[in-house]
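Work through the exercises below with the sequence and the coordinates open side by side. Each task is followed by a solution in steps.

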Amino acid sequence: MKGKPKVAKAEVPKRAATSDEVLRAAEALSEAETERIEQFAINRISRIGRRAAAGRDHEDLLQDAVTSLINGPRHWYPDDGVSFTECLLGAIRSLSSAWAGHRKRNADSPRYAGLDSELSFRSDEGRLASPFETIAAPAPNAEEIAVRATELAEAKKLADAILDSFSDDEAATYVLMGFEDGSTGPEIRAALDMTETQYRTVTRKIQRRAKKTMDEFYGR
Amino acid sequence: MGDKARNDSERLARIIDGLGDIILNATDDEILQSALEENRNPADTSARIKGILRRAVRSQQQVELIAARAGYRRQVAAMAEATFELPKTNEGRRTLFMAAMSQLPQFQPAFTLQNRDFKDLSDEDIEVQLRKMALLDLLSQVKVPEDK
């Protein structure tokens, strides 16, 4: 056999930030960074829906996200060149997805059903059905079907409301349609032949107005 | 559940994802400008968000501290319960400790970090350190020099 046998290089273990380092990084955040972090956390709560959030708001999400950077499963590796903000935004995204996943797997748990006071229903005998009656139901029960139907109706109503609020703005409508299709920013820009400045101007307008529509919709 | 209904749900999810991307890709100036346009004071937001993060980290540090204290208490209790054959006098224990330090040089940094000079160690400190070493079964290898 020719040549030297390949020896796998031992990987140097990454150094996770200590809680003091996380604290210092949090204290050093700029005003733009804290704005971005908060707005993204609000966005993620809207994305997973209030039922998956189970009574927790964006501040709870932030708190749990930063704790997860110390405790795991996510960590911030300051020597890797990833900024604290970037890492925290990633933790916010993955934690909110985990909340949504938990809700999906435990849809008929009282933790989630208990939030849906508007969906409390009376049984055929006129008795108010307890959410605890649904524990360990093997298949979606009447309540879960009702919850899901309400969610879908709300989703349609909100998506339509956002789109309708731009009925006077052709460029914004096209960009929103691109979002609906799941296209990325660069794909939408290319399809609509927009310059970066034009795209940024339109998306800022969308952001502002859509946020207002969503706030009104959720009564915030 | 029909495809149409599911599509409405996915439609909204994609719109919100698009809005999220706008937040992530905006420049710092755009982020601050948006805040002002929406009547938010970035300085107030910053103070509030930092407060949330600070409280979360400090509360986590408290949890770690409590766990460390519990660990220390367990260690102290284990030392108190264990019986060691240590010299009966302070002078004898100090001699044993100095012998251990010279015969187990690999442990010197651990002790010199905590105690800049061995002379500063009190009799109680010496006894605690010897108990720690005995607990780790390090003293059985140490030979005390015979009296001249």
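**Exercise 1.** Identify the residue that follows α9(A) and state the sign of its phi.

Solution. The residue after α9(A) is Asp193(A), and its phi is positive, near 55 degrees. Helices here are DSSP runs of H or I with at least four residues, strands are runs of E with at least two, and both are numbered from the N terminus. The model is a predicted one, in which local features need pLDDT of at least 70 and side-chain atom pairs count only at pLDDT 80 or more, while totals for chains, interfaces and linings use all residues. Residues are numbered from 1 along each chain as its sequence is written, with chains lettered from A and ligands numbered from 1 in the order in which they are written.

**Exercise 2.** Determine which residues of α9(A) are buried and how they are arranged about the helix axis.

Solution. First, take a residue as buried if 20 or more other C-beta atoms, placed from the backbone, lie within 10 Å of its own, as exposed if 12 or fewer do, and as partly exposed in between. By this rule Gly185(A), Ile188(A) and Arg189(A) are buried in the helix, which spans residues 185-192. Next, viewed down the axis of α9(A), the directions from the axis to the C-beta atoms of the buried residues fall within an arc of 100 degrees, so these residues line one face of the helix. Finally, the face turned away from that buried side carries Pro186(A), Glu187(A) and Ala190(A), which are exposed.

**Exercise 3.** Describe the secondary structure of chain A.

Solution. Chain A has 10 helices and 0 strands, and of its 220 residues 32% count as buried.
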